[in-house]
Amino acid sequence: VIKCKAAVAWETGKPLSIEEVEVAPPKAHEVRIKIVATALCHTDAYTLSGADPEGCFPVILGHEGAGIVESVGEGVTKVKPGDTVIPLYIPQCGECKFCKNPKTNLCQKIRVTQGKGLMPDGTSRFTCKGKQIYHFMGTSTFSEYTVVADISVAKIDAAAPLDKVCLLGCGISTGYGAAVNTAKVEPGSTCAVFGLGGVGLAAIMGCKAAGASRIIGIDINKNTYAKAKEFGAAECISPQDFEKPIQEVLVEMTDGGVDYSFECVGNVGVMRAALEACHKGWGVSVIVGVAAAGQEISTRPFQLVTGRTWKGTAFGGWKSVDNVPKLVTEYMSKKIKVDEFVTHTLPFDRINEAFDLMHGGK
């Protein structure tokens, strides 16, 4: 058993608490990882807020991390101690019908236990002050050591800077893949990206990489505009600057609507606007953001009857074990940006300040 520091969420709506936790050794087909760097994602804040129906407490959150394999359980063959890895919240077992189908990346092998905050055998590897602590998204990267299933780990280039490539564990891969995999943006197309946080910037990067000729960024926080333009947005607008709904503004700006739109906020009203901003006959809108529990999307069926397509994506459609190492290689060869997404670097014990910066749009 390893004793180490972790940021424990004891209950909803309270700051994380830095505690000493015990991390049990990995069982069969499990891997224990020394986490070197972790990033924050709005999904961590969403669960902490109490809005997540699958939220279990007390829990160690975090799902964008990178580290070094410390030890492996029986039967683990893909990685060994000393390997550099990124933990994966969507695993890839290679055996289930989802993994065998090229149309999806949603491996279901450990979905049920992962959703309950437990390892595949139905137990936890974390304890603190004599209490069992739940796992989060199969990764729990807000701990100096974590244990994950062996199908939830991608071995990456040992030379990669872990404080950067940890972002490929969720946000960047998700936004980038939404454009190149899910929407399949075509050269010369017009795109609109709603929400210019990390995921939205990555969607812009994906649209640009796919050859889009015009990318419009939409956000009420104008501090995000300069960064969005650096990533490839031609112009940025705020819905608050117009009398009419933003979808009408975009339809007018683009002679009938955009070819592709991306909702990177997690707001059902914005999801509707993103669909309705699409061009009649061929427009495709991709939902990337996660809305709160119980919320529903709506639009007039006529929007779809007249040729628009509504899609969704998880982790950008990447089959994780196969593609995360390739994304790291693309970053190392300067084909995709990663460094530019990092705004602040803080020591682990100041993690609550990092959440404040995220909520402040900084």
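**Exercise 1. Work out which residues make up domain 1 and domain 2, and how far apart the domains lie.**

Step 1: Split the chain. Domain 1 covers 2-169 + 319-360, and domain 2 covers 175-313; these bounds come from an automatic or database domain assignment. Residues are numbered from 1 along each chain as its sequence is written. Keep in mind that this is a predicted model, where local features need pLDDT of at least 70, side-chain atom pairs count only at pLDDT 80 or more, and totals for chains, interfaces and linings use all residues, while side-chain values use heavy atoms, with hydrogens and water left out.

Step 2: Take the C-alpha centres of the two domains: they are 29 Å apart.

**Exercise 2. Describe the interface of domain 1 and domain 2.**

Step 1: Count contacts (heavy atoms within 4.5 Å). Nine residues of domain 1 touch twelve residues of domain 2.

Step 2: Get the area. Buried area is the accessible area (1.4 Å probe) that two parts lose on being put together, summed over both. Here that's about 880 Å², with 71% of it on carbon and sulfur atoms.

Step 3: Sort the residues by class. On the side of domain 1 that touches domain 2 you get six nonpolar, no polar and three charged residues. Ala, Val, Leu, Ile, Met, Phe, Trp, Tyr, Cys and Pro count as nonpolar, Asp, Glu, Lys and Arg as charged, and the others, Gly among them, as polar.

Step 4: Look for salt bridges (a side-chain nitrogen of Lys or Arg within 4 Å of a carboxyl oxygen of Asp or Glu). Between domain 1 and domain 2 there are zero.

**Exercise 3. Find the salt bridges in the whole structure and place the one between Lys27 and Asp121.**

Step 1: The whole structure has 16 of them.

Step 2: In the pair of Lys27 and Asp121, the closest N and O atoms are 3.0 Å apart.

Step 3: Lys27 sits in the loop between strand E2 (17-23) and strand E3 (30-39), and Asp121 in the loop between helix H3 (111-115) and strand E7 (126-128), so the pair links distant parts of the chain, 94 residues apart. Helices (H or I, at least four residues) and strands (E, at least two) are DSSP runs, numbered from the N terminus.

**Exercise 4. Find the cis peptide bond and say where its proline lies.**

Step 1: The bond joins Phe57 and Pro58, with omega about -5°.

Step 2: Pro58 lies in the loop between helix H1 (42-49) and strand E4 (59-60).
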